[in-house]
Amino acid sequence: MAEREPLPIAQIGEPVLREVARTVTPDELATPEFQTFIDDLIATMHHAKGAGLAANQVFRPVQVCAIEVRDNPRYPYKPAIPLTILVNPVLTPVGDEQFANYEGCLSVPNLRGRVPRFVHLHVHAWDRHGNEIDEVVHGLKAGTYQHEVDHLLGKLFVDRADPATFSTWTEFERHHRAAFVEEARALVARVGS
Ligand code: ZN
């Protein structure tokens, strides 16, 4: 089968990134057209080497996001997350513990920054076939989930980041990566993923 063409990715300043995405109905989710859209969302995430991609980042403001971490050169310190599609996700923090994640975004070119994220998170959603997802995720994985679901609420990581921590990717590699990888390893050792 030919590789799917990636969709264009909206860049910061594009109004669609600030829309609150609408919920998806079970009938809509089941249509071949919508399933093809999900395939395109996944193909676009893979093409851009993202750890996640929300539907409004590809100009379709519906409550769907894709998440996957697998030998990602953008995030080599991240533990693997199998390919996950969240439809109509609702996240609820479990406890109030937070950590300072270092995030980047396919819609925000060449910028990283530290964002407070909850360490433990309850996730309620459907998968792409409408099956219920009901789980608790932790650590860096919880950070990724919060980043993607923020997109569906019209928020970007720059809204929540401490601006004093903003860094280009080159300067992150040069000045901040080593310390953050140590923090991330300690977090993974303590809470998993
Ligand atoms: Zn993003």
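Partly exposed here means a relative accessible area between the buried limit of 20% and the exposed limit of 50%. Asn110 counts as partly exposed because its relative accessibility is 45%. The structure is a predicted model, and Asn110 makes a handy way into its backbone. The residue lies in strand E5 and has a positive phi of about 55°, although it is not a glycine. Most residues other than glycine have a negative phi, so a value like this is worth a look. Phe59 shows a positive phi as well, near 70°. This residue sits in the loop between E1 and E2, and it counts as partly exposed because its relative accessibility is 39%. A further positive phi, of about 60°, turns up at Lys49, just after H2.

Back at strand E5, which covers residues 108–118, the partner is E4: the two pair in the antiparallel sense over 7 bridges. With 2 residues between them, E4 and E5 form a hairpin. Within the pairing, Glu103 stands opposite Gly113 in E5. Strands of a sheet pair through backbone hydrogen bonds, either parallel or antiparallel.

Strand E4 also leads to the metal site. The zinc ion is coordinated by the SG atom of Cys105 and by the NE2 atoms of His147 and His151, at 2.1 to 2.3 Å. Along the sequence, these donor residues follow the spacing C-x41-H-x3-H. Cys105 and His147 bring distant parts of the chain together: Cys105 belongs to strand E4 (residues 98–105), His147 belongs to helix H3 (residues 139–152), and the two are 42 residues apart. Both Cys105 and His147 are buried.

Next comes the sheet. An open sheet is built from 5 strands in the order E1-E2-E3-E6-E7, with antiparallel pairing. Strand E1 (52–54) and strand E7 (132–138) are the edge strands, each pairing on one side only. From one strand to the next, the twist averages 40°. At the E1 edge, E1 and strand E2 (residues 64–69) pair in the antiparallel sense over 3 bridges. There, Leu53 stands opposite Ala66 in E2. In a regular strand the side chains alternate between the two faces of the sheet.

Helix H2 ties several of these elements together. Its length checks out: at 1.5 Å a residue, the 17 residues of H2 (residues 32–48) should span 24 Å, and the end C-alpha atoms are indeed 24 Å apart. Quite a few residues of H2 are buried, among them Phe34, Phe37, Ile38, Leu41, Ile42 and Met45, and the polar Gln35, Asp40 and Thr44 are buried too. The buried residues of H2 pack against H1, E1, E2 and strand E3 (81–93). An α-helix has 3.6 residues a turn, so residues three or four places apart point the same way.

One of the H2 residues, Phe34, also appears among the contacts of Glu28. Leaving aside residues up to four places away in sequence, Glu28 touches Arg22, Thr23 and Phe34. Glu28 lies in helix H1 (residues 26–30). It counts as buried because its relative accessible area is 18%, under the 20% cut-off. The side chains of Glu28 and Arg22 are joined by a polar contact of 2.7 Å.

Definitions and conventions. Residues are numbered from 1 along each chain as its sequence is written. This is a predicted model: local features need pLDDT of at least 70, side-chain atom pairs count only at pLDDT 80 or more; totals for chains, interfaces and linings use all residues. Side-chain values use heavy atoms; hydrogens and water are left out. Donors are N, O and S atoms within 2.8 Å of the metal (3.2 Å for Na, K and Ca); water is not among the atoms, so sites may look incomplete. Helices (H or I, at least four residues) and strands (E, at least two) are DSSP runs, numbered from the N terminus. Buried means under 20% relative accessible area, exposed over 50%, partly exposed in between (1.4 Å probe, protein chains only). Two strands pair if DSSP finds at least two bridges between them. Axes are lines fitted to C-alpha atoms, for helices over the stretch in contact, and angles run from 0 to 180 degrees between N-to-C directions. A polar contact is a pair of N or O atoms within 3.5 Å; within protein, one must be able to donate a hydrogen and the other to accept it, and residues adjacent in sequence count only if both atoms are side-chain atoms. Contact means heavy atoms within 4.5 Å. The expected span of a helix is 1.5 Å times one less than its number of residues.
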